[in-house]
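Reader: Hi, I have a structure open and I'm not sure how to read it. Could we go through it together, starting with the inside?

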Amino acid sequence: RSAEALAELQENEALAIVRQRMERGDDPLRIIEDCQAGMREVGERYAQRRYFLSALIMAGEILGQIVEMVMPTVEVKFVGKSVGRVLVGTVQGDIHDLGKNLLLMLLRTHGFTILDLGVDVSPDEFAKEARAFRPHIIGLSGLITAAYASMRQTVSVLRAVMAEDGIQIPILLGGQVDEQVCRFVVADYWSTDAMEGVHLCQKLVGEGQ
């Protein structure tokens, strides 16, 4: 099982299992979902202090390799009209982007048009791009606790711009976040799971139309 191998940080085994599954013709999105479950288990162990930060980083690197392997086989399922526009970036002071990139890959395969601002993005940059791109959803990513203040400031600047323009765009948090962080930041939604994030975006775009 790829999830178990990833949770146990067995790099070679995890990659070998994924290779076998791809050769067998398994659904690439299912492979990624399974590996995400392994990644969540690593997160749990880290929270329980059974794993240290180095394990979290190592698991992220293994997942990154798996995503690179699987990426070319992920075909865009939705051809034609874009489902919706999503503006995404890692907030100022944080340079982690693995989770963000995974979400973006999955959103693209589900027909979304993405503007990825990258990492260490200032609140003003988010606001400027939100005005130009007119997204249906804005996603803020952050993996370190220092990012929370940055997220809060970004949300505040975005809300001010929305109020000026008379629009409302749902703001979604991703990364190392929870309900408490969501309340502190004053965002609308949060998710720590990329596939769940996709379903949430689908639901929000559906409601907005």
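**Inside and outside the fold**

Author: Gladly, and please keep in mind that this is a predicted model. Its largest nonpolar core has 35 residues, and those with the most contacts inside it are Ile-66, Leu-102, Leu-106, Leu-107 and Phe-112.

Reader: Which helices and strands each supply at least two residues of this core?

Author: The contributors at that level are the helices α1 (2-7), α2 (11-24), α3 (28-47), α4 (53-70), α5 (98-109) and α9 (194-208), together with the strand β1 (85-90). Of these, α9 gives the most, with seven residues.

Reader: And is there another core apart from it, and what residues are among its members? Or rather, how many residues does that one have?

Author: The other core, which lies apart from the one we just discussed, has 25 residues, and Leu-87, Phe-133, Tyr-148 and Val-177 are among them. As a general point, nonpolar side chains in soluble globular proteins tend to be buried together.

Reader: Back to Leu-102, then: where does it lie, and what is it in contact with?

Author: Leu-102 lies in helix α5, and it counts as buried because its relative accessibility is 4%, which is under the 20% cut-off. If we leave aside neighbours within four places in sequence, Leu-102 is in contact with Ile-32, Gln-36, Leu-63, Val-67 and Ala-194. The C-alpha atoms of Leu-102 and Asp-193 are separated by 9.7 Å, although these two residues are 91 residues apart along the chain.

Reader: What does Leu-106 touch?

Author: Not counting residues up to four places away in sequence, Leu-106 touches Leu-29, Gln-36, Ala-194, Met-195 and Val-198.

Reader: Okay, changing topic. Which residues form a nonpolar patch on the surface?

Author: That patch is formed by Tyr-46, Leu-53 and Ile-57, which have about 270 Å² of accessible area together. Ile-57 lies in helix α4, and with a relative accessible area of 48% it is partly exposed.

Reader: Now the charged ones. How many salt bridges does the structure hold?

Author: The structure holds 13 salt bridges. One of them joins the side chains of Arg-21 and Asp-34, at 2.8 Å from N to O. Arg-21 lies in helix α2 and Asp-34 in helix α3, so this pair ties together parts that are 13 residues apart in sequence.

Reader: Are those two buried or exposed?

Author: Arg-21 counts as buried at 8% relative accessibility, and Asp-34 is buried as well, with a relative accessible area of 14%. Both of them also belong to a network of salt bridges that links Arg-1, Arg-21, Arg-24, Asp-26 and Asp-34.

Reader: What does Asp-116 form a salt bridge with?

Author: Its partner is Lys-100, and the closest N and O atoms are 2.9 Å apart. Because Asp-116 lies in strand β2 (residues 113-116) and Lys-100 in helix α5, the pair ties together parts that are 16 residues apart in sequence. Asp-116 is partly exposed, with a relative accessible area of 32%, whereas Lys-100 counts as buried at 4%.

Reader: Last one: where is Ser-191, and what does its side chain make a polar contact with?

Author: Ser-191 is found in strand β5 (residues 189-191), and its side chain makes a polar contact with the side chain of Glu-196 at 2.9 Å. Ser-191 is buried, with a relative accessible area of 5%.

Technical notes. Residues are numbered from 1 along each chain as its sequence is written. This is a predicted model: local features need pLDDT of at least 70, side-chain atom pairs count only at pLDDT 80 or more; totals for chains, interfaces and linings use all residues. Side-chain values use heavy atoms; hydrogens and water are left out. Helices (H or I, at least four residues) and strands (E, at least two) are DSSP runs, numbered from the N terminus. Buried means under 20% relative accessible area, exposed over 50%, partly exposed in between (1.4 Å probe, protein chains only). A polar contact is a pair of N or O atoms within 3.5 Å; within protein, one must be able to donate a hydrogen and the other to accept it, and residues adjacent in sequence count only if both atoms are side-chain atoms. A nonpolar core is a set of buried Ala, Val, Leu, Ile, Met, Phe, Trp, Tyr and Cys residues joined through side-chain atoms within 4.5 Å. Contact means heavy atoms within 4.5 Å. Patches are made of residues with over 30% relative accessible area and no salt bridge: like charges are joined within 9 Å, nonpolar side chains (Val, Leu, Ile, Met, Phe, Trp, Tyr) within 5 Å. Accessible areas come from the Shrake-Rupley method with a 1.4 Å probe; for residues, only the protein chains shown count as cover. A salt bridge is a side-chain nitrogen of Lys or Arg within 4 Å of a carboxyl oxygen of Asp or Glu.
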